[in-house]
Amino acid sequence: MIISRLQTKTMGALLVVMLAMMLVIGLSSMALIRDFSVRSATEHTRTAAEMIRVSLTEAMLNDTIDRRASMLRRLAQVNSLNEVRVIRGEQVIAQHGEGLPMESPSDDIDRQVLESGEPYFGLIGGLFGTEFRATIPYIASSNEDINCLACHQAPEGAALGAVTLTASVDHMKHAGIATALFLVVIMGLFAVLSMFFMGRLLRPLVKTTQEIRKAASLASGGDFSQRVRSRSRDEIGQIAVHFNQMADAITHKLTEIRDHVAQLVNTVPDPRANLLEETASTVSGLVKVAQFKQAIEEDQTTEEVFFRLSEVLRAEFGLAHFTIYQVDPDKRLMETVIVDGVLHDAIRWCHPDILEHCTTCRAVRTGHAIDGLENRNLCRAFDEEALADGRSYLCLPIIQSGGVGSVVQLVVAPQNIPALIRARPLISAYLREAAPVLQAKGLMASLRESSLKDAMTGLHNRRFLEEYSESLVAQCKRRQTPMTLMMLDLDYFKTVNDTHGHDVGDEILRELASIFQAHLRESDLVIRYGGEEFIIILLDTGAEAAMAVANKIRLAVEAHPFKVAGSDLHKTLSIGLAAYPDDAQAFWQVLKYADVALYAAKENGRNQVVRFTAEMWPSGGEY
Ligand SMILES: Nc1nc2c(ncn2[C@@H]2O[C@H](COP(=O)(O)OP(=O)(O)OP(=O)(O)O)[C@@H](O)[C@H]2O)c(=O)[nH]1
């Protein structure tokens with residue numbers, strides 16, 4: 001945790017500083033006291049050494065030198081010394097002999113002092129010793145109150161002897177340790193107090209930062225509900241206030257955005273949901289819907305739009321089972337456009353009856369979404385086996401021109417129901433965008449179809465021929481198949497109009513169109529070329545086979561009783577026939593030749609089929 005680290009670091013640093021101070025103060029106070037002890041002991045032993053010298057000199061003068069041992073003991077007691085030992089120098093030994101056993105140098109320090117004439121002061125046992133030793137030489141001098149050289153046979157400045165004194169510095173040491181401990185304890189108390197106050201000072205910073213950290217962490221996940229308590233009026237309190245203001249502003253704006261985008265997909269936002277994630281996912285969904293709309297607007301046919309929609313259902317929503325139906329409300333029919341992602345597949349999830357009677361489909365009949373996710377038995381047309389497998393359905397109608405133009409049926413297994421419920425608003429948004437585009441494309445298609453159709457007979461018209469003639473030839477070339485063109489014209493049709501009126505004539509033309517279609521294949525094209533003149537194009541058919549078809553049509557017309565004013569009217573038909581590529585390579589030339597053949601049929605007495613021959617067309621003639 002970052003914050004507790006900050007706290008630990010600060011308090012730790014303070015503790016280290018305090019401990020260092022305690023150590024420095026403790027050690028330096030001990031060193032000072034030790035130094036003071038040594039100085040004090042030095043002075044003390046110097047004084048004692050001087051007193052001993054004076055006492056020894058007096059004893060020598062008073063001739064009581066023999067009692068020097070007891071005198072030295074008393075002096076030691078008076079001066080609180082542990083040991084007093086006087087040692088003789090070489091000159092004194094040479095003059096007065098070795099003296100007492102204790103008066104010989106006992107260690108190197110004694111000898112060194114006698115030799116150098118320099119005093120020695122030091123603690124016995126090194127730095128932590130509790131005894132102080134001083135070995136001070138007695139130097140022969142004639143300049144002092146008492147002239148040493150008067151009695152001693154020694155040169156000026158020679159070390160006559162030395163005195164070794166040891167004094168206890170234990171009490172000083174204890175005093176030093178006690179002082180150091182006292183200072184350390186005081187410092188310790190100071191450290192505790194400092195840390196206590198530092199902790200109190202840090203607490204608002206730590207608490208505020210902890211709360212900001214928690215709020216920021218929640219906010220990064222989209223939860224902006226956390227606020228920070230303002231504990232003081234200083235900068236830390238201000239940070240809390242500003243943070244809360246920022247969180248308020250973000251929450252307010254995001255809620256506004258979320259509500260707006262929720263309106264766009266017709267949903268009620270869930271106040272418990274993660275604000276940021278919910279908004280971001282809806283916005284990205286809407287962006288995809290907008291891209292989808294742009295794409296389908298540029299698509300050419302309704303089929304392309306449906307296929308794109310199917311891709312969205314599969315890729316965006318992970319749906320594997322669905323059907324897109326197209327409805328023909330005029331004929332009360334509906335057909336499958338896409339089934340489970342496959343174009344023009346057989347009906348799978350509903351009873352086939354709905355195709356013949358579109359109102360059997362509940363979505364078509366009501367124009368409402370049929371929610372089988374909530375109530376699986378809502379629609380009787382849904383496949384019973386699928387129901388038994390636990391599958392559910394959601395059928396969404398697409399409203400075009402005020403009616404149901406298409407239906408999108410989504411089929412899911414029980415475990416996928418919650419995901420579909422969540423995805424439903426966005427799927428509906430896709431369908432809402434698709435609806436006007438489908439409507440426009442459908443309208444365009446029907447407009448285009450009607451512009452290529454003859455309104456009276458429902459056959460293709462001359463414009464259709466003009467548009468598709470080139471592609472028909474290209475198709476034959478590609479497949480290397482022939483194509484035969486027939487030109488058909490009723491014989492003496494004028495008399496029908498003249499005798500029975502134009503309406504009767506129209507009716508006869510309509511019936512004629514039906515006779516043609518009844519005797520032709522789906523792939524054959526019937527065109528009302530103008531007036532009572534028709535063209536039939538037989539694809540992949542040569543002239544010979546076409547002659548048979550033409551005669552069949554001619555005989556059918558001849559045999560057909562047209563009902564006119566309660567009685568039967570019989571009419572005949574003349575047909576001219578020319579073939580591609582045998583007669584000509586260009587479509588319009590073949591057509592012209594068929595027209596020439598028709599003329600020949602009329603000339604030859606009508607009610608016959610005439611195949612074009614080269615003789616009918618003078619060489620070099622224009623078509
Ligand atoms: N009722 C009706 N008559 C039409 C239509 N289009 C053309 N006609 C008539 O069809 C007749 C064609 O007559 P003609 O071309 O002179 O020849 P015909 O009487 O059919 O005689 P032949 O073709 O020589 O056998 C004309 O009277 C046109 O008015 C139409 O849409 N409806």
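Start at the ligand and select the shell of residues around it: strand 11 (483-490), helix 14 and helix 15 each give at least two residues to that shell. Keep in mind that you're looking at a predicted model. Which element supplies the largest share of the shell? That's helix 15, with four residues.

Now show the side chains. There are 15 residues around the ligand, and the ones that come nearest are Asp491, Phe493, Lys494, Gly505 and Gly531. Color the shell by residue type and you'll get seven charged, four polar and four nonpolar.

Stay here and pick out two of those elements, helix 14 (residues 493-500) and helix 15 (residues 502-518). Two packed helices are described by the angle between their axes and the distance between the axes. For this pair, the angle is about 135° and the axes are 6 Å apart. That makes helix 14 oblique to helix 15.

Zoom in on where they meet. On the helix 14 side, select Phe493, Val496, Asn497 and His500; on the helix 15 side, select His502, Val504, Gly505 and Ile508. What kinds of residues make up this contact? Four are nonpolar, four are polar and none is charged. You've met two of these residues already: Phe493 and Gly505 are also among those that come nearest to the ligand.

Next stop, the largest nonpolar core. Select Val407, Tyr430 and Ala434, which touch the most other members out of its 48 residues. To see where the core comes from, highlight the elements that each supply at least two of its residues: helices 7 (275-297), 8 (302-315), 10 (362-366) and 12 (417-451), along with strands 5 (321-328), 6 (333-339), 9 (392-400) and 10 (403-412). Helix 12 gives the largest share, nine residues.

Click on Tyr430 and look around. Leaving aside residues up to four places away in sequence, Tyr430 touches Val289, Phe292, Leu309 and Val312. Apart from this core lies another one, of 44 residues; to find it, try selecting Leu465, Met483, Leu490 and Leu598, which are among its members.

For the last stop, go to helix 5 (residues 170-220) and select Val185. Is Val185 buried or exposed? It counts as exposed, because it has 12 C-beta neighbours inside 10 Å. Now add Gly26 to the selection: Val185 and Gly26 are 159 residues apart in sequence, yet from C-alpha to C-alpha they're 9.5 Å apart in space.

Key:
Residues are numbered from 1 along each chain as its sequence is written. This is a predicted model: local features need pLDDT of at least 70, side-chain atom pairs count only at pLDDT 80 or more; totals for chains, interfaces and linings use all residues. Axes are lines fitted to C-alpha atoms, for helices over the stretch in contact, and angles run from 0 to 180 degrees between N-to-C directions. Angles under 35 degrees count as roughly parallel, over 145 as roughly antiparallel, 65 to 115 as roughly perpendicular and the rest as oblique. Two residues are in contact if their C-beta atoms, placed from the backbone, lie within 7 Å. Ala, Val, Leu, Ile, Met, Phe, Trp, Tyr, Cys and Pro count as nonpolar, Asp, Glu, Lys and Arg as charged, and the others, Gly among them, as polar. A nonpolar core is a set of buried Ala, Val, Leu, Ile, Met, Phe, Trp, Tyr and Cys residues joined through C-beta atoms within 7 Å. A residue is buried if 20 or more other C-beta atoms lie within 10 Å of its own, exposed if 12 or fewer, and partly exposed in between; C-beta atoms are placed from the backbone. A residue is near a molecule or strand if its C-beta atom, placed from the backbone, lies within 6 Å of it.
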